Each structure stands twice: as C-alpha cells, then as structure tokens.
Amino acid sequence: MKKNRTAAQAKPASPADAKTGYAAPDKPGRNEFARTRVALLSTRWNVGIVDALRSGAKTCCRDWGLPAANLVEFRAPGAYEVPLAALQLLRDGGFDGVIALGAVIRGETPHFDFVAGECARGLMQVQIKTRKPVGFGVLTVNTVEQAWARAGKGHDNKGYETAAATLEMIRLGRSLR
C-alpha cells in the first residue's frame with residue numbers, strides 16, 4: 001500500500017524555489033497598530049535604491065493599518081551608523097520598533113565586508129539590548145542590479161518585507177504581555 005507524502009516528507013526544494021513554503025502572518029486586526037509608533041531609518045547612500053525600499057516599507061505600514069503620522073522617518077549617514085541611530089530611536093524616541101533600510105554594494109576593497117557585517121551585528125545587539133524589534137532591510141549585495149531586483153514594486157520589495165517583519169515582531173511581543 002502506497003503512503004501519501006506530506007509536505008514535510010516531500011522532495012527538498014531546489015535552490016531556485018527555496019523560498020516556497022513561506023507562511024504569511026495573520027492579517028492585522030482592525031486598529032491593531034493604531035497606537036504603534038515606528039521609526040523608518042534609512043541611509044543616505046545609494047539613494048535611489050533606498051528610496052524604493054522606503055516606498056515599499058511605507059506601503060506595508062499602510063497595508064497593516066499603521067497611521068501615517070506614527071511612521072516617523074530618519075536618515076543615518078551610512079550603514080555603519082545605523083545601529084547607533086536605531087539604539088537612540090528606541091531608547092529616547094518612544095518607538096515600538098525600527099525599520100532599518102539601506103544598500104551596501106560590494107566594491108573593489110574589503111570595505112563592504114566590514115560595513116555590512118558590523119551593521120547586521122550592531123542591529124542584532126540593539127534588538128537584544130532594547131528588547132524591541134529592528135527590521136533588517138539593509139541590502140548586502142554584489143551588484144547594483146541585485147539591489148534593484150530587491151527594491152522593485154510589490155510585496156517582494158525588501159523594504160515591504162522588512163516592515164512586515166518589524167510589525168509582526170511588535171505583535172509577537174505584545175502577545176506575550
């Protein structure tokens with residue numbers, strides 16, 4: 001007798017479709033984020049790409065019901081400075097979370113490795129230290145083309161995804177109180 005295979009027993013996904021299987025979060029409840037304050041923190045480098053990420057994040061926040069007045073925008077000089085800026089916003093700004101956006105594109109020197117790695121590590125430390133979510137939307141890519149591919153329109157925009165992850169983590173924290 002042949003057994004039916006469950007999704008967990010199915011053949012592993014190929015690298016081309018490795019993102020299949022994402023379980024989207026529950027849709028926000030009415031007024032769920034009405035009193036939520038979020039900082040949208042962006043870098044000043046690669047402005048066109050970062051602005052496209054910002055647009056995606058704003059669309060997500062609107063889709064999730066975050067009032068426009070409760071999404072406050074800030075700029076940091078670059079990705080290296082983003083962790084400190086996020087820490088200051090969470091400690092002193094009264095925000096429930098930070099959506100951090102930027103684009104670090106590999107160049108001819110090892111500068112990329114230091115900036116991208118320290119930004120990621122620093123933002124993780126900020127989350128742990130403040131116990132508040134920081135969405136990591138700082139692209140770390142090899143080419144400008146790769147950055148633009150991640151900053152397009154729609155729900156695949158990494159700014160959109162980062163905002164959704166931030167709001168979902170705010171939801172998780174509230175569910176534990």
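# Exercises on a predicted chain

Leu 172 is partly exposed, with a relative accessible area of 41%. The model in which this residue is seen is a predicted one, and the exercises below start from Leu 172 and then move through the rest of the chain.

## Exercise 1: Leu 172 and its patch

Find the place of Leu 172, and work out which residues make a nonpolar surface patch with it.

*Solution.* Begin with the position in the fold: Leu 172 sits in helix H5. Next, recall the accessibility value of 41%, and set it beside the cut-offs, under 20% for buried and over 50% for exposed; because 41% lies in between, Leu 172 counts as partly exposed. Finally, look for the partners, which are Met 169 and Leu 176, and note that together with Leu 172 they make a nonpolar surface patch of about 310 Å².

## Exercise 2: The order of helices and strands

How many helices and strands does the chain have, and what pattern do they follow along the sequence?

*Solution.* Count the elements, and you arrive at five helices and four strands. Then read them in sequence order, which gives the pattern β-α-β-α-β-α-β-α-α. As a further step, consider how the chain is folded onto itself: among contacts with a separation of 6 or more, 81% are between residues 24 or more positions apart. Of the 177 residues in the chain, 38% are buried, while the accessible surface comes to about 11100 Å², with 55% of it belonging to carbon and sulfur atoms.

## Exercise 3: The buried side of H2

Which residues of H2 are buried, and which elements do they pack against?

*Solution.* Start with the list of buried residues in H2, which consists of Val 82, Pro 83, Ala 85, Ala 86, Leu 87, Leu 89 and Leu 90. Then trace what these buried residues pack against, namely the strands E1, E2 (71-76), E3 and E4 (134-141), together with the helix H3. To complete the picture, look just past the helix, where H2 is followed by Gly 94, a residue with a positive phi near 70 degrees.

## Exercise 4: Two salt bridges within helices

Locate the salt bridge between Arg 54 and Asp 51 and the one between Glu 118 and Arg 121, and explain how the helices place the partners.

*Solution.* As a starting point, side chains of opposite charge can pair when their charged atoms come close. In the pair of Arg 54 and Asp 51, the closest N and O atoms are 2.6 Å apart. These two residues are separated by about one helical turn, because they stand three residues apart in helix H1 (residues 47-63). Arg 54 is buried at a relative accessible area of 15%, whereas Asp 51 is partly exposed at 30%.

Now take Glu 118 and Arg 121, whose side chains meet in a salt bridge with an N to O distance of 2.3 Å. Here too the partners are three residues apart, this time in helix H3 (residues 111-130), and so about one helical turn lies between them. Both are partly exposed, Glu 118 with a relative accessible area of 32% and Arg 121 with 44%.

## Exercise 5: A salt bridge across the chain, and a network

Where in the chain do the partners Asp 96 and Arg 174 lie, and which residues are linked with Asp 51 and Arg 54 in a network of salt bridges?

*Solution.* First establish the pairing, in which the side chains of Asp 96 and Arg 174 meet at 3.7 Å, N to O. The pair links distant parts of the chain, since Asp 96 is in the loop between helix H2 (82-92) and strand E3 (97-105), Arg 174 is in helix H5 (residues 158-175), and the two are 78 residues apart. Asp 96 is partly exposed at 24%, and Arg 174 is partly exposed at 29%.

Then turn to the network, where Lys 58, Glu 73 and Arg 75 are linked with Asp 51 and Arg 54. In total, the structure holds nine salt bridges.

## Exercise 6: The largest pocket

Which element gives the largest share of the lining of the largest pocket, and which residues lie nearest the centre?

*Solution.* Take the volume as the opening step: the largest pocket holds about 520 Å³ of space. Its lining is made of 16 residues, and those nearest the centre are Tyr 22, Pro 25, His 155, Glu 161 and Ala 164. The largest share of that lining comes from H5, which supplies five residues.

Terms used:
Residues are numbered from 1 along each chain as its sequence is written. This is a predicted model: local features need pLDDT of at least 70, side-chain atom pairs count only at pLDDT 80 or more; totals for chains, interfaces and linings use all residues. Side-chain values use heavy atoms; hydrogens and water are left out. A salt bridge is a side-chain nitrogen of Lys or Arg within 4 Å of a carboxyl oxygen of Asp or Glu. Buried means under 20% relative accessible area, exposed over 50%, partly exposed in between (1.4 Å probe, protein chains only). Contact means heavy atoms within 4.5 Å. Patches are made of residues with over 30% relative accessible area and no salt bridge: like charges are joined within 9 Å, nonpolar side chains (Val, Leu, Ile, Met, Phe, Trp, Tyr) within 5 Å. Accessible areas come from the Shrake-Rupley method with a 1.4 Å probe; for residues, only the protein chains shown count as cover. On a 1 Å grid over the protein atoms alone, a cavity is a set of points where a 1.4 Å probe fits but cannot get out, and a pocket is an open set with protein on both sides within 12 Å along at least five of seven lines; lining residues have an atom within 4 Å of a point. Grid points are joined across faces, edges and corners, and a volume is the space filled by probe spheres set on the points.
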